Amino acid sequence: MKAYLFPGQGAQFSGMGKELYETEMARELFEKANNIIGFRISDIMFTGTEDELKQTKVTQPAIFLHSVILAKSLGDDFKPDMVAGHSLGEFSALVAASAISFEDGLKLVIARANAMQKACELQPSTMAAILGLADDVVEKICEEIDEVVVAANYNCPGQLVISGSIEGIDIACEKLTAAGAKRALKLNVGGAFHSPLMEPARIELQEAIENTTILPPVCPIYQNVDPIPQTDPEKIKFNLITQLTGAVRWTQTVERMLADGADEFIEVGPGKVLQGLVKKVSREAQTSSAVIPV
């Protein structure tokens, strides 16, 4: 069974999507996106600097566009038995699986990026990657800290990203290192994503999601906050809203997909990060990148 995976923030690179633009269908979608966004995001994707691509208003829509337009370019070759996306990638997955229209998906991603940016500005906050400790040990130490600090991204066994206030993350890194973590590495991010500090963004995005038409996808989607196969539009909406303040349970998602029969994982979008995470869960799993049909 084929599982298609859609990457999140951090996968961007200069030149992303440039080859896609050569096809007529992709060019139309890029131009439609430029009009919706109000600036030529395609130019920044194809020739922009790393700093330009790192702007929140650019990064999230850019990764979404690369992933979704690539999925649509696959045409009849895109036959998913299941889909999942890491954080932002969940929106790409829903559009690729025909649950949300291209236009609505892009508008939601823009709204999400803006809401997250505002929440980051309200309170300085950050994230850190914790390597080499069991999930339950990380969770327990975070719970004992008298600051906002939570497990945010369960990326693969032995790699958990925590999220919270700057002071909370500093204390947690110290305690987790003392508890035996191989590394406790603060990340170069603008805020505490997937934590209670994103509550202002969740409230802002909730209305936009509730007002968006979501149809049953062509195959089950495994969502970040509750990685069970989902096709009910109302439950999909609820999980999308919860996602901003809830954890990305990627390890559990891959495990459940494997249990449900996935034997081929195809990453759709920039980079190969998700393929690497799948291999950390199961060395036997077959992984590849989606490529534009010649």
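**Note on the salt bridges of a predicted model**

1. In this predicted model, a salt bridge joins Arg-202 to Glu-199, and the closest N and O atoms of the two residues are 2.8 Å apart. Both partners belong to helix H9; because they stand three residues apart there, about one helical turn separates Arg-202 from Glu-199.

2. The surroundings of the two partners may be described next. Arg-202 has a relative accessible area of 18% and is therefore classed as buried, the limit for that class being under 20%. Glu-199, at a relative accessible area of 29%, is partly exposed.

3. Helix H9, in which Arg-202 is placed, covers residues 199-210. When neighbours within four places in sequence are set aside, Arg-202 is in contact with Ile-241, Leu-244 and Thr-245.

4. How many salt bridges are there by the rule applied here? The count comes to eight. One of them is formed by the side chains of Lys-32 and Glu-103, with an N to O distance of 2.8 Å. This pair links distant parts of the chain, since Lys-32 lies in helix H1 (residues 24-37) and Glu-103 in helix H6 (residues 102-122), 71 residues apart.

5. Are Lys-32 and Glu-103 buried or exposed? Each falls in between: Lys-32 counts as partly exposed at 36% relative accessibility, and Glu-103 is partly exposed with a relative accessible area of 27%.

6. Asp-170 and Lys-186 also form a salt bridge, in which the closest N and O atoms are 2.8 Å apart. Asp-170 is located in helix H8 (residues 166-178) and Lys-186 in strand S6 (residues 183-186), so the salt bridge ties together parts that are 16 residues apart in sequence.

7. As to accessibility, Asp-170 is partly exposed, its relative accessible area being 35%. Lys-186 is likewise partly exposed, with a value of 40%.

8. A final point returns to helix H9 before turning to a network. Arg-202 counts as buried at 18% relative accessibility, whereas its salt-bridge partner Glu-199 is partly exposed at 29%. Elsewhere, which residues do shared salt-bridge partners join into one network? They are Glu-31, Arg-40 and Asp-43.

Definitions and conventions. Residues numbered from 1 in each chain as written. Predicted model: local features only at pLDDT ≥ 70, side-chain atom pairs only at ≥ 80, totals over all residues. Heavy atoms only, no water. Helix = DSSP H or I, 4+ residues; strand = E, 2+ residues; numbered from the N terminus. Buried < 20%, exposed > 50% of the residue type's maximum accessible area, 1.4 Å probe, protein only. Contact = heavy atoms within 4.5 Å. Salt bridge = Lys/Arg side-chain N within 4 Å of Asp/Glu carboxyl O.
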